[in-house]
Amino acid sequence: MNTSEETDRLAAFNAYRDRMNQRILDDKDHLGIKRFFNLDEAAYREGALDRPTKELLGLVASMVLRCNDCIDYH
């Protein structure tokens with residue numbers, strides 16, 4: 001896969017993720033999903049570890065689990 005294909009694939013993934021996240025967030029009655037999104041956001045806030053370190057740890061965990069969507073996310 002060349003760089004252009006990778007860029008296109010990543011852009012398509014991000015666009016799809018944004019659309020799906022918005023659909024989920026538009027459901028005002030789904031408290032569980034909102035709590036999950038808040039937890040994800042809180043996990044990456046600055047703290048004992050900075051955000052880039054947390055992202056790297058998330059990427060490593062995704063690679064160990066062999067989750068391609070998770071790898072794309074990070």
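**Notes on a predicted four-helix model and its disulfide**

1. A disulfide joins Cys-67 to Cys-70, with the two sulfur atoms 2.5 Å apart. For a reader new to the term, a disulfide is a covalent bond between the sulfur atoms of two cysteines. The structure is a predicted model, and under the rule applied here the count comes to one disulfide. The link of Cys-67 and Cys-70 is right-handed, with 60° about the S-S bond.

2. Are the two cysteines of this link buried, partly exposed or exposed? Cys-67 has a relative accessible area of 24%, and is partly exposed because that value falls between the 20% under which a residue is buried and the 50% over which a residue is exposed. Cys-70, with a relative accessible area of 31%, is partly exposed as well, by the reasoning just given.

3. Before going further into the details, it is worth looking at the confidence of the prediction. The mean pLDDT of the protein is 86, and 99% of its residues reach 70 or more. Among the elements, helix 3, which covers residues 51-65, has the highest mean pLDDT, at 93, whereas helix 4, which covers residues 68-73, has the lowest, at 83. As a general caution, where pLDDT is low, the predicted coordinates should not be read in detail.

4. The next point concerns the packing of two helices. Helix 1 (residues 3-26) and helix 2 (residues 31-43) pack with their axes 9 Å apart and at an angle of about 130°. Helix 1 and helix 2 are therefore oblique to each other, because this angle lies above the range of 65 to 115 degrees that counts as roughly perpendicular, yet does not pass the 145 degrees over which a pair counts as roughly antiparallel. Where they meet, Asn-21, Ile-24 and Leu-25 come from helix 1, while Ile-33, Lys-34 and Phe-37 come from helix 2.

5. Tyr-16 also has its place in helix 1, and this residue is partly exposed, with a relative accessible area of 45%. Along the chain Tyr-16 and Ala-43 are 27 residues apart, and their C-alpha atoms are separated by 23 Å.

6. Helix 4 holds Asp-72, which at a relative accessible area of 17% is buried, because the value is under 20%. Which residue does the side chain of Asp-72 meet in a polar contact? The partner is Arg-9, whose side chain makes this polar contact at 3.2 Å. Setting aside residues up to four places away in sequence, Asp-72 touches Leu-10 and Phe-13 as well as Arg-9.

7. Ile-71 is likewise found in helix 4, but it counts as partly exposed, at 28% relative accessibility. Its contacts, leaving aside neighbours within four places in sequence, are with Leu-59, Ser-62 and Met-63. One of these partners, Leu-59, is 12 residues from Ile-71 in sequence, and the C-alpha atoms of the two are 5.8 Å apart in space.

8. In the segment after helix 4 lies His-74, which counts as partly exposed at 28% relative accessibility. With residues up to four places away in sequence not counted, His-74 touches Tyr-44, Glu-55, Gly-58, Leu-59 and Ser-62. His-74 and Lys-54 are 20 residues apart in sequence, and from C-alpha to C-alpha they are 9.8 Å apart in space.

9. The final point takes up two residues beside each other in the numbering. Leu-65 is found in helix 3, and it counts as exposed at 68% relative accessibility. Its C-alpha atom is separated by 24 Å from that of Arg-35, a residue 30 places away along the chain. Arg-66, in turn, has its place in the loop between helix 3 and helix 4. This arginine has a positive phi of about 55°, although it is not a glycine, and it counts as exposed because its relative accessibility of 73% is over 50%.

How values were computed. Residues are numbered from 1 along each chain as its sequence is written. This is a predicted model: local features need pLDDT of at least 70, side-chain atom pairs count only at pLDDT 80 or more; totals for chains, interfaces and linings use all residues. Side-chain values use heavy atoms; hydrogens and water are left out. A disulfide is a pair of cysteine sulfur atoms within 2.5 Å. Buried means under 20% relative accessible area, exposed over 50%, partly exposed in between (1.4 Å probe, protein chains only). pLDDT is the predictor's confidence in each residue, from 0 to 100. Helices (H or I, at least four residues) and strands (E, at least two) are DSSP runs, numbered from the N terminus. A polar contact is a pair of N or O atoms within 3.5 Å; within protein, one must be able to donate a hydrogen and the other to accept it, and residues adjacent in sequence count only if both atoms are side-chain atoms. Contact means heavy atoms within 4.5 Å. Axes are lines fitted to C-alpha atoms, for helices over the stretch in contact, and angles run from 0 to 180 degrees between N-to-C directions. Angles under 35 degrees count as roughly parallel, over 145 as roughly antiparallel, 65 to 115 as roughly perpendicular and the rest as oblique.
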